[in-house]
Amino acid sequence: MKTVSFADLERADLVVDAVYEGGVDNTFGSDPFPKLLSLSNQGGFRFRGTLEKKLEMLMLYTTNADADWPDSVDLETGVFSYYGDNKKPGHALHDTGRQGNRILRSIFHSAYGGPEQRALVPPTFIFARYGDVGRNVKFLGLAVPGTSDVSEKGSLVALWRSSGGNRFQNYRALFSILDVPIIERQWLDSLIAGAPDERLAPDAWSEWLKTGKRRRLVAERSVEWRTPNEQKPLTKRDRMLVDVIISHFEASPYEFEHCAAKLTEMALPNVVSIEVTRRHRDGGRDAIGQYRIGSGPSSVLVDFALEAKCWSERGVGVKSLSRLISRLRHRQFGVLVTTSWLDRQAYQELKEDEHPIVVIAARDIVQILTDADISSPSELRDWLKAYFPIGC
């Protein structure tokens with residue numbers, strides 16, 4: 001991985017996934033952004049210019065350590081999900097010290113307008129903390145607000161959260177990371193000077209300003225199957241969420257089949273029906289359902305079968321996977337939902353033999369719940385009690 005030393009930051013280009021080192025003493029003076037982009041040394045929102053006149057540059061920084069507000073980047077689609085800066089009760093949605101949520105509201109509104117409105121949107125640089133020690137950061141890319149397949153309303157959503165018995169709102173914003181592998185220092189220097197030289201701007205950025213087309217940086221996986229670690233919960237909070245599910249169904253593991261069916265509906269919005277089978281007459285399938293391809297009279301319904309495994313310390317192996325595969329009929333596909341993971345050998349054979357199986361592992365379950373605004377153990381317990389009231 002390319003690494004730029006702290007001493008070279010002022011002359012450095014921005015290269016996607018390169019690491020930019022902080023200083024050695026781990027103080028505010030070691031923050032890389034004042035040297036790299038002439039920005040302040042604190043905060044997730046850092047910018048040049050003013051919201052009232054014109055923002056010339058915006059930098060979004062994520063530590064990837066906030067369990068309640070989990071920023072994330074989807075490398076395969078080029079979409080970055082970022083949460084605003086109203087993260088504690090006692091403030092209105094836009095009443096924040098660094099104006100972060102006001103900035104989001106402004107740039108998202110402009111991004112969905114015409115060329116004159118898009119010209120008001122500053123180049124937005126995305127960085128993430130790199131490593132557990134020091135102030136090193138990794139550059140994730142140049143981004144623009146919104147995605148081409150989601151409306152302005154869907155790209156910037158105000159979510160309710162609760163803390164200590166108080167309710168408050170914060171934004172969840174979707175950005176498109178543009179297909180720009182390197183940003184040259186000359187253009188950065190023109191932005192810093194307040195006189196952007198559009199002749200030096202990256203092509204994908206100029207194209208978006210003119211047409212509104214978001215040419216995203218899409219990175220297909222070089223390996224089609226995921227390792228067990230890539231399926232396990234990513235953070236301590238994620239692990240807690242999975243443990244809540246396992247604990248809830250501990251006394252009645254078969255009831256997890258209903259939860260797996262619900263998670264499948266949440267993950268695959270075009271599921272039109274799903275039915276949990278009777279325990280002793282399931283034919284090797286925990287649930288069966290239908291999935292709609294297309295829309296209207298020309299749509300097609302495809303049958304699928306579901307297998308659910310509420311496991312903790314062991315992965316789903318070849319034997320269990322083969323059980324599901326053997327139950328699939330012609331033109332059916334399968335869904336495997338597990339609170340653990342699919343073993344390496346099973347996953348590799350699944351992909352190499354091209355079996356039509358959707359794998360929803362522990363990390364996927366956490367993402368499904370987070371997308372549904374169920375992101376804390378207490379919220380998850382309430383959701384489980386409401387939909388699957390075991391012993392209640």
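Start by selecting residues 333–338, strand β16: six of its six residues are buried, so the strand counts as mostly covered. This is a predicted model, so keep that in mind at each stop.

**Stop 1: the two faces of β16**

Show side chains on the strand. In a regular strand, side chains alternate between the two faces of the sheet. Which residues of β16 lie on each side? Phe 333, Val 335 and Val 337 are on one side, with Gly 334, Leu 336 and Thr 338 on the other, and both groups are buried.

**Stop 2: the strands on either side**

Now add residues 300–309, which form strand β15; β15 and β16 run parallel and are joined by six bridges. To find one of these pairings, select Lys 309 and look across to Thr 338, its bridge partner in β16. Next, bring in helix α10, residues 318–327: together with β15 and β16 it makes a β-α-β unit, and that unit is right-handed.

Then select residues 357–360, strand β17. Four bridges link β17 to β16, again in the parallel sense. A good pair to highlight here is Val 335 with Val 358, which stands opposite in β17. To follow the chain from β16 to β17, trace helix α11 at residues 344–352; this β-α-β crossover is right-handed.

**Stop 3: a pair of cysteines**

Colour the cysteine sulfurs next. How many disulfides does a search of the whole structure find? It finds zero. Cys 259 is in no disulfide, and its nearest cysteine sulfur belongs to Cys 310, 7.9 Å away. Cys 310 is likewise in no disulfide, with the sulfur of Cys 259 as the nearest cysteine sulfur at 7.9 Å. For a disulfide, the two sulfur atoms would have to be within 2.5 Å. While you have Cys 259 selected, note that Cys 259 counts as buried because its relative accessibility is 0%.

**Stop 4: a hairpin and a buried arginine**

Move to residues 156–163, strand β10, and its partner β11: the two pair in the antiparallel sense over eight bridges. Leu 156 is one place to see the pairing, as Ala 173 of β11 stands opposite. The two strands form a hairpin with two residues between them, and Gly 164 in the turn has a positive phi of about 60 degrees.

Stay on β11, which covers residues 166–177, and select Arg 172. Is Arg 172 buried or exposed? Arg 172 is buried, because its relative accessible area is 16% and the cut-off is under 20%. Leaving aside neighbours within four places in sequence, display the contacts of Arg 172: among them are Ser 81, Tyr 82 and Tyr 83, then Ser 155, Leu 156, Val 157 and Leu 159, and also Thr 370, Asp 371 and Asp 373.

**Stop 5: an exposed lysine**

For a contrast in accessibility, pick Lys 210 in helix α6, residues 203–211. Lys 210 counts as exposed because its relative accessibility is 65%. Not counting residues up to four places away in sequence, Lys 210 touches Pro 115 and Arg 118. Try a distance label from Lys 210 to Ala 119: their C-alpha atoms are separated by 8.8 Å, although the two are 91 residues apart along the chain.

**Stop 6: two positive phi values**

Most residues other than glycine have a negative phi. Select Ser 38, where phi is positive, near 55 degrees. Ser 38 sits in the loop between α1 (33–37) and β4 (45–49), and counts as partly exposed because its relative accessibility is 35%.

Then jump to Gln 99, another residue that is not a glycine, with a positive phi of about 60 degrees. Gln 99 belongs to the loop between β7 (79–83) and α2 (100–111). With a relative accessible area of 22%, Gln 99 is partly exposed.

**Last stop: the whole chain**

Zoom out and show the full cartoon, with 13 helices and 17 strands. The C-alpha trace spans about 70 × 45 × 45 Å along its principal axes. A compact globule of 392 residues would have a radius of gyration near 21 Å, and the chain's 23 Å agrees with that.

Colouring by burial is a good final view: buried residues make up 45% of the 392 residues. In a contact map, residues 24 or more positions apart account for 62% of the contacts with a separation of 6 or more. Finally, turn on the surface: the chain exposes about 19700 Å², and carbon and sulfur atoms supply 48% of that area.

How values were computed:
Residues are numbered from 1 along each chain as its sequence is written. This is a predicted model: local features need pLDDT of at least 70, side-chain atom pairs count only at pLDDT 80 or more; totals for chains, interfaces and linings use all residues. Side-chain values use heavy atoms; hydrogens and water are left out. Buried means under 20% relative accessible area, exposed over 50%, partly exposed in between (1.4 Å probe, protein chains only). Two strands pair if DSSP finds at least two bridges between them. A crossover is right-handed if, with the strands pointing away from the viewer, the path from the first strand over the helix to the second runs clockwise. The radius of gyration is taken over C-alpha atoms; the globule rule is 2.2 Å times the number of residues to the power 0.38. Contact means heavy atoms within 4.5 Å. Accessible areas come from the Shrake-Rupley method with a 1.4 Å probe; for residues, only the protein chains shown count as cover.
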